[in-house]
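Got the viewer open? Let's take a short walk through this one, a selection at a time.

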There are 2 protein chains.
Amino acid sequence: MSFTGGYPRVLGLVLSALLVLSCASSQQPGAEEPKANGQAEASVDPLPSWNDTATKAKLLDFVGRVTDPDDPGFVEPEARIATFDNDGTLWVEQPLYAEMAFALHRVKDLAQVHPEWKTQQPFKAVIEGDRAALMEAGNRGLVEIVVASHTGMSTTLFDTIVTQWVRDARHPKFEKPYTELAYQPQLELLRYLEANTFKIFIVSGGSVEFIRTYAEETYGIPMERVVGTSIETRYEVQGGKPSLLRLPQIDFVDDKSGKPVGIHKHIGRQPILAFGNSDGDLEMLQWTTVGSGGSRLGLVLHHDDAEREYAYDRESKVGRLDQALDVAAPSGWVIVSMKNDWKTVFTEE
Amino acid sequence: MSFTGGYPRVLGLVLSALLVLSCASSQQPGAEEPKANGQAEASVDPLPSWNDTATKAKLLDFVGRVTDPDDPGFVEPEARIATFDNDGTLWVEQPLYAEMAFALHRVKDLAQVHPEWKTQQPFKAVIEGDRAALMEAGNRGLVEIVVASHTGMSTTLFDTIVTQWVRDARHPKFEKPYTELAYQPQLELLRYLEANTFKIFIVSGGSVEFIRTYAEETYGIPMERVVGTSIETRYEVQGGKPSLLRLPQIDFVDDKSGKPVGIHKHIGRQPILAFGNSDGDLEMLQWTTVGSGGSRLGLVLHHDDAEREYAYDRESKVGRLDQALDVAAPSGWVIVSMKNDWKTVFTEE
């Protein structure tokens, strides 16, 4: 495996994810979510896990306006595009992005056939859980971990490897599969938007092929509606069998200013609703709402719920929300408080 | 405008399109299509513009099998992905790809603000219709034409420019808008597949943003289901208004071995049906059918109808069908004869 021209475009995602290894223990622990109290009129309320706050009213009002042909804010069905960030917006991203947990796990797995890694950084640091050494390995080390864990196999094999990991892995705090840590209020919002003829896309800094493995089952979002970071692949026919080989080179980074680019590449229309939770979503929210005229809605999930999930924003290494928090109010974006706006966080068992 | 690293990956499409300038006059002229004779049982026949040949029987049989839960070839609805090439498969590509006609027209338009082009190749050649000089300008000249016609503006402006051209341009032989030269049998096939829960994608060597401008209205295929060649864009905010600037650099070439790559990037699943018409579709057909097991169908449209459209294959500079024609039979692909399998070619007026 060799380093190629794509590497200078190192994933900010990956960087911040690994940096957090040094501070993950400072995250505040939270309790399980309380039970829903059943007061919502489930038969008529499309968002029963949302408290009856101003936020919920804004959501209902927005959808009501864009779908009402008599309203000046009416939007034709084909233009009802909604984009959702993934990590921290649709499911838990603390203490470490699921995909980074996968990458570290995979390196440890592969170490069995790479005895030389025992003495070779950054792999030695991963194997030994040596955070200081990982930090020292810096960008280049992080790229090596991504390359080792994500490339050099067929797309089919990668899919199998990720699918197994997602099935077997458990979140360190909640001790559940990550896929059970999708946010129940967001699942309701996805269904509500779909029922109103929205087309929903995930637009993530994470890698598209990682998310595809669980998006349909977990979120009800089909694979072709996942926009994300991607690596280069090469078509090959060997022994009469075609395959796509995952190359050690970044194709596209779908984060920050990459999100509007990814949206345009993949969807071709500006969304009318965007939902994010971190500075990585700032440009997606701008592109969706600023200077566009008409009916547009930007939403920012604020993780302020140490009890039920996590509380973090400006100082967090994972999912930092700083700039976007400053820009939200002047831009008219709705800040969703996990603590106040969500009746439940996770799906009840 | 400067040349960048993306240029060595010059569009084969563009090259062959411009090469044809020197030989377009050798294309055989054809007559208008005859009227459908009305014998088909329109109320029950989903494909009334297809003759009752073995080809039509294979299509009906395939769709019947993959949608029958009791058939061993049954395919779950979410996996019913069909990919269609665009030029020469869904609409006319002779004597010159519509997008190349656009590029040449655009260069002539821009010449008004580029007086220097009167003496500067390849623009001088385009302005004067000098095919020999165009040939001499070679690859670099072709890239300059694409850059001049396709980049250096916002995505919004490009959309406007293309939309106007598509509305106003007339095909040199049929003297109709290109969008009226979509093939009626294919439109019926698209609707038939959709009615059987197929998701249909265009997978084209042409540029995705060109096709998006007319795909919904002409084919009923939504913008986000167009996979094609793309150029790099950059997100910018100027004067508080965000936009995407089209850069003079190729992002991705969705032709030949690029088609399986593009399918994977965009869709994430192997198609179970692929329909092409040229060597540019060979790898897409392979990826769809070869070694995949299960119910898969590859189709190749053979332009053998000089009377109603055009007749060309191995020797054509536009839409050459040579290698793929050799490989079709051993691969089990269905060769669709425009002359014999299609009752009508274009939509009746």
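Before the first click, one cut-off: a residue is called buried when its relative accessible area is under 20%. Keep in mind, too, that this is a predicted model.

Start by selecting helix H10 of chain A, residues 282–289. Eight of its eight residues are buried, so H10(A) is largely enclosed by the rest of the structure. Click along the helix and you'll pass Leu282(A), Glu283(A), Met284(A) and Leu285(A), then Gln286(A), Trp287(A), Thr288(A) and Thr289(A), buried residues every one.

Next, colour the two chains separately and look at where they meet. You should find 34 residues of chain A in contact with 34 residues of chain B. Now pick out Glu224(A), Tyr235(A) and His264(A): together they supply 20% of the area chain A buries against chain B, more than any other three residues. As for the whole interface, the two chains bury about 3100 Å² between them, with 52% of that on carbon and sulfur atoms.

Time for the charged pairs. Six salt bridges link chain A and chain B. For one of them, zoom in on Lys199(A) and Glu224(B), whose side chains meet at 2.6 Å, N to O. Polar contacts across the interface come to 14 residue pairs, both partners at pLDDT 80 or more.

Which elements of chain A give two or more residues to the side touching chain B? Select strands S2 (199–207), S3 (226–238) and S4 (241–252), then helices H8 (208–219), H9 (258–266) and, back where we began, H10 (282–289). Finally, colour that side of chain A by class: twelve residues come up nonpolar, ten polar and twelve charged.

Conventions:
Residues numbered from 1 in each chain as written. Chains lettered and ligands numbered in written order. Predicted model: local features only at pLDDT ≥ 70, side-chain atom pairs only at ≥ 80, totals over all residues. Heavy atoms only, no water. Contact = heavy atoms within 4.5 Å. Buried area = accessible area lost by both parts, 1.4 Å probe. Salt bridge = Lys/Arg side-chain N within 4 Å of Asp/Glu carboxyl O. Polar contact = N/O pair within 3.5 Å; in protein donor to acceptor, adjacent residues only side chain to side chain. Helix = DSSP H or I, 4+ residues; strand = E, 2+ residues; numbered from the N terminus. Nonpolar A, V, L, I, M, F, W, Y, C, P; charged D, E, K, R; others polar. Buried < 20%, exposed > 50% of the residue type's maximum accessible area, 1.4 Å probe, protein only.
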